[in-house]
Amino acid sequence: MLDEFLIQLFYEGQCLEAYKVFGAHLCKEDDVKGVRFTVYAPNAKNVFVVGEFNEWQQTHPLKKMGDGGIYSGFVPKAKAGQLYKYLLIGPNGQHLYKADPYACYSEVRPGNASRIYDLDRFRWGDKRWRAKQDKHFEKNLNIYEMHIGSWKMKKDYTDEEDGEFYNYEEIAEKLIPYIKEMGYTHIELMPLSEYPFDGSWGYQVTGYFSATSRYGTPKQLMSFINQCHKEGIGVIMDFVPVHFVKDAHGLAMFDGGCVYEYPDLNRRYTEWDSVYFDLGRDEVRSFMMSAINFWIEYYHIDGIRFDAVSHLIFWKGSKEMGTNDGAIDFMKRMTYKINERHPNILLIAEDSSDYPKVTRSSVEGGLGFDYKWDLGWMNDTLKYMALDPYFRQHEHHLITFSMAYFYSENYILPFSHDEVVHSKKTIIDKIYGTYEEKLAQLKTLYIYMMSHPGKKLNFMGNELAEYKEWDEKKSLGWNILSYPVHDSFHEFIKKINEVVNNYPALYQNDYYQEGFEWMVVDDNKQSVFAYERKTLEGQHLLIVLNFTPNAHASYCIPVTKPGKYKEILNSDKDIYSGSNQVNSRQLKAKKGIVLGKPYSIDVKIAPYAGIIFEWKE
């Protein structure tokens with residue numbers, strides 16, 4: 001009854017479809033409807049499936065299929081919606097009640113049983129969207145990272161009462177119009193794979209194939225993604241390949257032995273009180289690759305962002321402990337196989353290490369990811385913004401250094417959820433100065449971010465200039481938009497996203513040196529920066545940034561082209577709660593060498609202002 005070819009691939013660590021063999025599959029055998037259950041448990045003495053169909057009794061043993069550790073059996077009259085677990089008799093006779101590693105749906109926490117579910121016969125309507133999917137290297141990729149539960153809630157948690165989430169379909173009705181209005185191209189969802197503890201945000205997983213039941217059913221999630229695609233919004237999903245929870249119903253010591261984890265105790269446990277996957281083991285590689293492929297095949301996910309890749313590259317994430325060659329080989333194999341089957345799916349590494357060629361193909365000796373988060377840029381930039389402007393002259397390199405290494409990888413610039421939790425303060429609250437100074441600098445920070453080469457990611461709430469750190473038990477502070485300065489900042493973010501969407505110079509040549517050129521790079525005394533972004537077709541934009549409270553009535557900026565320069569965005573404009581020190585007329589370039597460039601313009605720059613000019617012949 002089982003696919004022998006897929007089983008062979010599973011043992012070889014080459015399988016992308018292990019979920020077609022393992023798990024609970026509704027079927028008909030000998031003209032009787034029921035469910036076939038199959039599980040990999042190489043250390044077990046016996047395996048039973050128990051559930052609502054047999055009153056949780058040991059009446060349905062699974063048969064051992066050969067000597068490879070696979071157990072399988074058909075349960076007549078078992079049906080969709082029923083809960084079940086595996087009862088595994090371990091090598092020492094211990095009784096272990098485990099959720100199905102390949103279950104596609106689970107009981108709502110705090111329950112932890114698996115649920116039989118039929119994933120088939122959902123009617124997708126995103127054929128047109130999928131036909132135009134690509135890697136977005138020369139397109140705008142502007143990602144809105146979010147936690148589904150706390151973006152908006154029906155009811156916040158309190159000390160006395162639990163909160164209440166919207167389901168996948170309900171949140172789609174509210175979220176999709178907002179994403180379109182704000183001009184983001186993609187949403188990135190914090191992990192959707194089932195997890196027991198809300199406070200882990202999904203980063204400590206039990207069910208790698210199971211869409212979390214917190215927000216509804218798998219088909220409601222399919223509907224959510226389908227609606228996003230119909231409205232031109234891509235969906236990226238966070239995925240956790242490094243570790244899993246220790247909870248008794250999960251993968252840890254699954255059958256009384258080490259099935260998914262390292263046998264070596266010194267390498268088994270993480271600093272997060274969880275368990276490392278042994279990704280040097282072929283059956284674990286097939287499990288993980290199949291989970292990734294499953295989300296793409298069944299849920300039409302547009303991209304996967306891989307969490308904590310540095311902990312795959314190095315033992316326990318420490319360069320001093322050396323490289324984890326088994327996990328590195330797994331990554332190369334996984335990216336090659338996923339790219340081969342799904343050549344337009346985004347593969348993104350959240351990697352804090354300096355390991356080379358993360359975004360080079362495995363054929364070229366790289367890890368094979370499409371993009372890597374630029375955490376160095378993020379840390380340097382936020383460190384700079386926290387400084388008293390007087391002292392920024394001594395840390396000028398924090399802004400300029402990123403372009404010294406930028407073309408070594410395909411980078412995404414992230415202001416993610418990690419930066420607005422655990423008393424780190426929100427983005428606006430990290431910035432030096434008074435309330436008004438923080439807001440002025442925040443706008444210029446976003447002009448810098450959105451005009452810097454590389455794709456972009458912002459966590460939900462960044463666009464509100466919130467001072468309240470993110471809390472997964474409470475909605476974002478949407479009421480802050482009742483304050484005019486925050487409402488105008490919200491409009492400013494919408495405007496800069498619109499500018500990026502409308503000007504290919506800000507995304508088309510992100511990973512080519514021809515797309516960027518410094519105009520002012522050494523004025524550390526005044527903390528003024530200027531650079532050009534350009535396309536091969538001749539579109540030129542000039543970006544000017546002032547990171548001090550000093551105003552400049554006429555600052556000379558070198559430029560490469562003769563002609564006129566029209567201001568298309570100024571963070572100091574009155575509609576964005578600025579003082580309206582703007583360049584209302586087009587500025588004509590003057591001939592004459594300035595800082596090695598053949599022309600220049602004289603620009604009015606307000607305190608803490610960021611400006612974007614469009615070049616016209």
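Q: How many nonpolar, polar and charged residues are in the lining of the largest pocket?
A: This is a predicted model, in which local features need pLDDT of at least 70 and side-chain atom pairs count only at pLDDT 80 or more, while totals for chains, interfaces and linings use all residues. Residues are numbered from 1 along each chain as its sequence is written, and side-chain values use heavy atoms, with hydrogens and water left out. With Ala, Val, Leu, Ile, Met, Phe, Trp, Tyr, Cys and Pro taken as nonpolar, Asp, Glu, Lys and Arg as charged, and the others, Gly among them, as polar, the lining of the largest pocket divides into 5 nonpolar, 9 polar and 5 charged residues.

Q: Which residues that line the largest pocket are the closest to its centre?
A: A pocket is an open set of points on a 1 Å grid over the protein atoms alone, where a 1.4 Å probe fits, with protein on both sides within 12 Å along at least five of seven lines, and lining residues have an atom within 4 Å of a point. The largest pocket has a volume of about 480 Å³, a volume being the space filled by probe spheres set on points joined across faces, edges and corners. Of the 19 residues in its lining, the closest to the centre are Tyr203, Trp272, Asp307, Ala308 and Asp418.

Q: Is Lys438 buried or exposed?
A: Lys438 belongs to helix 14, where helices (H or I, at least four residues) and strands (E, at least two) are DSSP runs numbered from the N terminus. Relative accessible area, taken with a 1.4 Å probe on protein chains only, is under 20% for buried residues, over 50% for exposed ones and in between for partly exposed ones. Because its relative accessible area is 10%, Lys438 is buried.

Q: From which residue does a backbone oxygen lie 3.3 Å from a polar atom of the side chain of Lys438?
A: Leaving aside its neighbours within four places in sequence, Lys438 is in contact (heavy atoms within 4.5 Å) with six named residues, among them Ile428, Ile431, Tyr432 and Tyr467. Another residue in contact with Lys438 is Asp429. The backbone oxygen that lies 3.3 Å from a polar atom of the Lys438 side chain is that of Asp429.

Q: With which side chain does the side chain of Thr185 make a polar contact?
A: Thr185 sits in the loop between helix 4 (168–182) and strand 12 (186–189), and it counts as buried because its relative accessibility is 13%. Beyond its neighbours within four places in sequence, Thr185 is in contact with residues including Asn140, Gly232 and Asn501. A polar contact is a pair of N or O atoms within 3.5 Å, one able to donate a hydrogen and the other to accept it, and residues adjacent in sequence count only if both atoms are side-chain atoms. At 2.8 Å, the side chain of Thr185 makes such a contact with the side chain of His186.

Q: Which residue in strand 5 is the bridge partner of Thr38?
A: Strand 5 (residues 70–76) is mostly covered, with 5 of its 7 residues buried. Strands pair if DSSP finds at least two bridges between them, and strand 2 (residues 32–40) runs antiparallel to strand 5, joined by 7 bridges. Within strand 5, the bridge partner of Thr38 is Ser72.

Q: Which residue in strand 20 is the bridge partner of Ala349?
A: In strand 19 (residues 346–349), Leu346 and Ile348 point one way and Leu347 and Ala349 the other, and all are buried. Strand 19 runs parallel to strand 18 (residues 303–306), to which 4 bridges join it, and pairs in the parallel sense with strand 20 (residues 371–373) over 2 bridges. In strand 20, the partner of Ala349 is Lys372.
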